[in-house]
Amino acid sequence: MDVGYMQGLLSARRLGRRVVWHGVTDSTNTRGRAAVEAGACADGWVFAAGAQTGGRGTGGRTWVSGEAAGLWCSLVLVEPVVWEVLPLLAGIALAGALRDQWGVRSHLKWPNDVMIDERKLAGILVEAARAPGGERAAIVGLGVNLRQTQFEGAIADTAVSLRQVIGRDVPTEAMLAAWLNQMEMLLDGGADVRSMWLSMTQMIGRTVKVRHRDGEATVRIINLNERGELIVSDESGAERALIAAGELGNKC
C-alpha cells in the first residue's frame, strides 16, 4: 500500500492519518488490539495488511484474506460516540463509498455483511479493547474483496469481488480512503444509523434461519430497533429482539 497516496485521497481530518502497514500479518484486528492494550496507538489509527494468515469473522470463523487481492484493515476508535451500532455504521459507510465512488448498489445483511445480490463482498468484525489508562476502544475490522477473479472451496458460490462486479480493479488505497471518509462523516454527523441501515437492506420481511449456540430457529424479520437489534417474529407469531449473536442464513 502507498500510504501517502491513500492519505492524499482523504477528506477525513481524524481517521487514517496514521497507518501501520504489514505486508503479511496474522490479523489486523489482533495488531490493533495489541497496540491499544500497550498504549501504542491513538484514536483514528488504521492497521492494514496485504495478506492475513489468521483473518477471522463473526463467531471465530475464518476470513479468507491470504492474498493481496482485497482491503484487510482495522480502524481504532477510542471511546466512540456510538458502540452498539458500530458494525451497522461501518457497513453503511462502505455501502455509501461503493455507491458514491463506483456506482455500485450493495445491500446490508445484519449485522455485519455487505452484499451484492446474494454474494458477500465485505465483512465487518468489531472487537473491544482497553488502553492502559482505562479508555475503551473499538477495533473495527473490515475485509473487502477487491480484485479476486474467482473464489474456491466453501466460499466459491457465496463470495464476490468488486472486480467481478464492475469489470476493473480498484486500488486498495482508494477503497480505504473512501471508507474512512464516509466513516468520519457518519461518526461526526450524528447519523441516524437505524434509518440509514433500513434504507440499505433487503432483509425486512424475509423469513430466514437463525443459527446460534442453542440450535436453529426460523424467524421473520420485521424491523430494526435503535440498539441495532433485529425485531423478528418466530413461528408462533411472538415478536422479540434478536441481538447480534448468531448467524442469519439467506432466504428459507
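**Glutamine 182.** I looked up glutamine 182 to see how much of it is accessible; at a relative accessible area of 12% it is buried. The model is a predicted one, and I read all values with that in mind. Glutamine 182 belongs to helix H5, which covers residues 172–188. I then listed its contacts, leaving out residues up to four places away in sequence: glutamine 182 touches Ala93, Gly96, Ala97 and Asp100. I also checked its separation from serine 11. The two are 171 residues apart in sequence, but the C-alpha to C-alpha distance is 9.2 Å.

**Cores.** Which residues touch the most other members of the largest nonpolar core? I found Trp179 and Met183, in a core of 61 residues. Helix H3 gives the largest share of this core, 11 residues. For methionine 183 I noted contacts with Leu15, Leu75, Leu77, Leu89, Ala90 and Ala93, again setting aside neighbours within four places in sequence. There is a second, separate core of nine residues, and Val36, Cys41, Phe47 and Ile139 are among them.

**Sheet.** I traced the strand order of the open sheet as S1-S2-S3-S7-S6-S5-S4; it has seven strands and mixed pairing. Why do strand S1 (19–25) and strand S4 (107–109) each have one side without a neighbour in the sheet? They stand at the edges and each has a single partner strand, so one side of each is left free of a neighbour in the sheet. From one strand to the next I read an average twist of 20°.

Helix H2 (residues 28–37) packs on the sheet and touches S1, strand S2 (46–52), strand S3 (70–78), S6 and S7. The direction of H2 makes about 20° with that of S6. I compared helix H3 (residues 86–102), which runs at about 140° to S6. H3 lies across S3, S4, strand S5 (113–116), S6 and S7.

**Strand pairs.** I went through three pairs in turn.

- S2 and S3 run antiparallel and are joined by four bridges; phenylalanine 47 has serine 74 in S3 as its bridge partner.
- S3 and S7 also pair in the antiparallel sense, over nine bridges; leucine 75 is matched with valine 140 in S7.
- Strand S6 (residues 119–130) and strand S7 (residues 136–145) run antiparallel, with nine bridges between them; arginine 130 has arginine 136 in S7 as its bridge partner.

I asked how many of the nine residues of S3 are buried. The count is eight, so S3 is largely enclosed by the rest of the structure.

**Rings.** My search for aromatic pairs returned one. The pair is tryptophan 45 with phenylalanine 47: their ring centres are 6.4 Å apart and the planes are at 35°, so I logged the pair as tilted. Tryptophan 45 has 17% relative accessibility and counts as buried. Phenylalanine 47, at 4% relative accessibility, counts as buried too. Arginine 136 came up again here, since its place is over the face of tryptophan 83, at 3.8 Å from the ring centre.

**Totals.** I closed with the whole protein. I counted six helices and 12 strands. Of the 252 residues, 49% are buried. Taking contacts between residues at least 6 apart in sequence, I found that 63% join residues at least 24 apart.

Conventions: Residues are numbered from 1 along each chain as its sequence is written. This is a predicted model: local features need pLDDT of at least 70, side-chain atom pairs count only at pLDDT 80 or more; totals for chains, interfaces and linings use all residues. Side-chain values use heavy atoms; hydrogens and water are left out. Two strands pair if DSSP finds at least two bridges between them. Helices (H or I, at least four residues) and strands (E, at least two) are DSSP runs, numbered from the N terminus. Axes are lines fitted to C-alpha atoms, for helices over the stretch in contact, and angles run from 0 to 180 degrees between N-to-C directions. Contact means heavy atoms within 4.5 Å. Buried means under 20% relative accessible area, exposed over 50%, partly exposed in between (1.4 Å probe, protein chains only). A nonpolar core is a set of buried Ala, Val, Leu, Ile, Met, Phe, Trp, Tyr and Cys residues joined through side-chain atoms within 4.5 Å. Rings of Phe, Tyr and Trp (its six-membered ring) pair if their centres lie within 6.5 Å; planes under 30 degrees apart count as stacked, over 60 as edge-to-face and the rest as tilted. A charge sits over a ring if NZ of Lys or CZ of Arg is within 6 Å of the ring centre and within 35 degrees of the ring normal.
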